[in-house]
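Here's a quick tour of a few local spots worth a look. Have the viewer open as you read.

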Amino acid sequence: MHQPTSASGSRDPYVRVRGAREHNLRGVDVDIPRDALTVFTGVSGSGKSSLAFGTLYAEAQRRYFESVAPYARRLIHQIGAPKVDSITGLPPAVSLEQRRSSPGSRSSVGTVTLLSNSLRMLYSRAGTYPAGAPRLDSDAFSPNTAAGACPSCHGLGRIHRTSEELLVPDPGLSIRQGAIAAWPGAWQGKNLRDILEVLGYDVDAPWRELAAEDREWILFTEEQPVVTVHPVRDAERIQRPYQGTYMSAHRYVMRTFSDSKSATLRARAERFLADSPCPVCEGRRLRPEALAVTFAGRTIAELAALALTELDGVLATAPPDGEAARVLAEDLRSRIAPVTELGLGYLSLDRTAPTLSAGELQRLRLATQLRSGLFGVVYVLDEPSAGLHPADTEALLGVLDRLKAAGNTVFVVEHHLDVVRHADWLVDVGPLAGEHGGQVLHSGPPEALAGVAESATARHLFGAPAPAEARAVRKASGSVRLSGIDRHNLRDVSAEFPLGVFTAVTGVSGSGKSTLVGQALAGEVAGRLAEPGFAVRRLVEVDQKPIGRTPRSNLATYTGLFDVVRRLFTASAQARARGWKAGRFSFNVPGGRCETCQGEGFVSVELLFLPSTYAPCPECGGARYNAETLEVRYEGLTIAEVLSLTVEAASGFFAEVPAAARSLRALEDIGLGYLRLGQPATQLSGGEAQRIKLATELQRLRRDHTLYLLDEPTTGLHPADVRVLLRQLHGLVDAGHSVVVVEHDMDVVAGADWVIDLGPGGGADGGRVVAAGTPAEVAAADRGYTARYLARALSR
């Protein structure tokens with residue numbers, strides 16, 4: 001493909017987009033320079049991600065796949081072709097998005113960064129082997145391969161076991177009274193009890209009075225005897241004899257935990273399992289022969305458990321035993337350097353990926369790209385500053401500059417004003433969210449945005465935004481005191497959380513904030529809720545996990561609004577005349593839904609030798625319901641048309657329906673008026689999911705003293721949206737509740753009543769309370785990294 005040229009004949013230095021219509025973009029035309037750092041800004045939902053990811057990255061990926069053999073293309077998951085007239089001057093692209101899919105438990109910091117490969121090679125080629133032991137291949141040092149995994153725990157390091165105490169929590173009960181709590185309920189549990197009775201066991205004696213060998217067999221036998229059961233006759237119905245197969249409680253729990261597709265059943269089974277280190281490998285996940293090999297006197301499991309900064313120190317001081325050891329150790333150190341530079345030196349290689357935040361995962365992938373040496377590509381990043389303390393943001397800017405200096409183009413979707421100020425070029429999308437956005441307000445140098453009156457970004461970047469409401473520091477009505485907390489990197493930590501106020505917990509990445517709040521505080525409060533006299537009556541944790549895993553879950557179903565809507569349609573004259581119930585208006589069950597697409601609204605189109613693609617359902621045209629269901633209208637709209645309304649439009653439409661109006665008002669008040677009622681859960685960002693959960697709580701109007709815990713609630717929010725969110729959170733405190741947030745945004749921290757700062761560093765250098773007090777007191781104490789940034793925010 002030839003490069004576009006300018007009038008003078010030289011290569012056109014711009015990526016030129018014409019007629020972009022993805023999501024809410026309104027036929028956008030924009031020119032963006034290559035070989036520069038471009039930041040896309042705008043309020044949440046304005047369309048900046050639709051332009052950066054949905055249009056530019058999607059088109060770059062589509063063009064790349066066009067060069068792949070058609071047969072191979074079928075095997076690759078692809079983004080659909082974006083709705084755009086043309087894009088010229090677009091190089092190949094690499095996306096570093098904050099993926100919301102959960103990585104598996106075998107994925108770790110080492111596998112994400114590929115550092116594990118280098119460490120395994122170091123042990124394979126330069127490790128110290130026991131006398132006479134054969135040299136092992138690098139695969140033998142991986143817990144994820146058959147050659148390396150401990151055969152007992154299959155490389156997981158932990159095993160699940162049951163015990164009599166877990167399976168039978170109350171030995172004073174008889175089997176008939178439900179002593180075996182692990183058994184399934186209803187008919188299946190009664191069936192197992194009847195089989196035991198046929199086998200001659202006493203099901204009416206208290207459990208503790210049964211012989212030890214009988215208790216052992218009932219709970220743990222692997223035998224599955226089949227017997228004929230004659231049920232007790234029921235006057236209401238005839239019950240015939242049947243062949244029943246016995247299954248021990250242990251076997252039932254293990255089978256349910258490993259095989260069940262139901263998350264509820266798996267969670268129930270897990271209550272009867274104890275998670276403990278594997279007794280064979282002692283939690284080290286590898287075979288004995290791999291653990292016998294050492295480097296610098298340590299096994300590979302010991303090095304993988306060290307924080308990366310410590311690992312780097314070990315490699316730096318280890319005496320080189322030959323050229324292979326020197327070269328491999330230096331290579332490993334050069335790969336560790338960009339990870340520590342991005343403020344992630346507190347992580348260890350064996351830290352599992354599911355325990356990492358989306359921001360940490362994205363920065364790990366960014367560190368890997370720094371070493372890739374790619375040239376002439378577009379990097380598209382999604383809020384790389386998410387979860388970063390201001391002290392770490394400066395290092396991030398240096399990394400972005402190095403990617404650019406290596407001959408690449410960097411596109412960043414970002415809200416952090418320090419990153420925005422650092423840009424070479426700014427694309428501001430707005431002016432508002434949803435259908436009120438989707439326009440490019442500015443594309444040019446950052447300083448030129450100052451003259452764009454309708455830009456919310458300009459007001460926060462250059463102007464003096466409306467000052468935050470002056471608020472006196474609230475007085476606590478009580479407190480929850482934690483002492484001797486010893487978890488992850490918290491070592492014998494004590495902290496006091498005041499009640500009836502807004503508390504911010506701060507500290508650099510990895511200092512222990514989420515552990516202190518999400519585990520220690522949440523666990524302490526949850527355990528005391530039933531305690532007479534305890535001030536807190538309810539605990540609400542509002543996280544950024546998706547509100548649903550499939551497109552069938554959406555905003556309306558999660559908030560309960562869809563139940564109200566379906567009742568309204570069921571009560572209509574047309575529905576009553578046909579005898580329809582609420583289920584008729586669900587797209588998840590047969591009856592009212594379109595059976596061609598089974599209520600999905602789209603169908604998969606299989607193309608010979610080409611990847612399958614999705615197209616609107618030919619029967620319902622994407623409406624999800626069959627024609628007969630769509631004949632019923634409420635106030636002139638079908639149920640499909642109601643689901644396509646935005647929250648803002650629906651608020652007016654359902655103004656006279658109190659149950660719906662309350663839900664919609666809560667969503668609007670928290671800044672989500674631009675979302676559609678039927679917007680699939682899979683299309684929502686982590687920040688949007690968190691605000692939907694908070695709005696669902698706000699509409700419940702609880703009076704009991706509630707403690708709300710939020711982990712970085714401003715992630716993904718434009719400064720204008722942060723104000724909207726804070727108004728709601730402070731409103732909860734004014735209503736007599738308590739709010740604790742883990743937060744990096746110093747403007748949010750400056751408006752808190754109480755601050756607990758952890759640190760001073762991350763990992764082993766953190767885990768201590770550096771300072772606690774009002775924002776002014778913590779800033780004046782000048783201990784740790786937070787104080788100077790907080791002082792700056794207070795001065796504003």
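## A serine and its surroundings

A polar contact here is a pair of N or O atoms within 3.5 Å; within protein, one must be able to donate a hydrogen and the other to accept it. Keep in mind that this is a predicted model.

By that yardstick, the side chains of Ser-385 and Glu-414 make a polar contact, at 2.9 Å. Ser-385 sits in the loop that runs between strand 10 (378-382) and helix 15 (390-405). Is this serine, Ser-385, buried or exposed? Its relative accessibility comes out at 7%, so Ser-385 counts as buried. Leaving aside residues up to four places away in sequence, Ser-385 touches Leu-396, Glu-414, His-416 and Val-419.

## A hairpin

Next up is a strand pair: strand 14 (residues 478-487) and strand 15 (residues 490-499) run antiparallel, paired over 7 bridges. For one end to look at, Gly-478 has Leu-499 in strand 15 as its bridge partner.

The hairpin of these strands, 14 and 15, leaves 2 residues between them, and His-488 there adopts a positive phi near 50°.

## Cysteines without bonds

How many disulfides does a search of the whole structure find? The count is 0. Take Cys-281: the closest cysteine sulfur, in Cys-153, is 3.7 Å from its own, which is too far for a bond because a disulfide needs the sulfur atoms within 2.5 Å. Cys-281 is also buried, with a relative accessible area of 2%.

Cys-617 is in no disulfide either, and its nearest cysteine sulfur, in Cys-620, is 3.7 Å away. With 2% relative accessibility, Cys-617 counts as buried.

Key
Residues are numbered from 1 along each chain as its sequence is written. This is a predicted model: local features need pLDDT of at least 70, side-chain atom pairs count only at pLDDT 80 or more; totals for chains, interfaces and linings use all residues. Side-chain values use heavy atoms; hydrogens and water are left out. Helices (H or I, at least four residues) and strands (E, at least two) are DSSP runs, numbered from the N terminus. Buried means under 20% relative accessible area, exposed over 50%, partly exposed in between (1.4 Å probe, protein chains only). Contact means heavy atoms within 4.5 Å. Two strands pair if DSSP finds at least two bridges between them.
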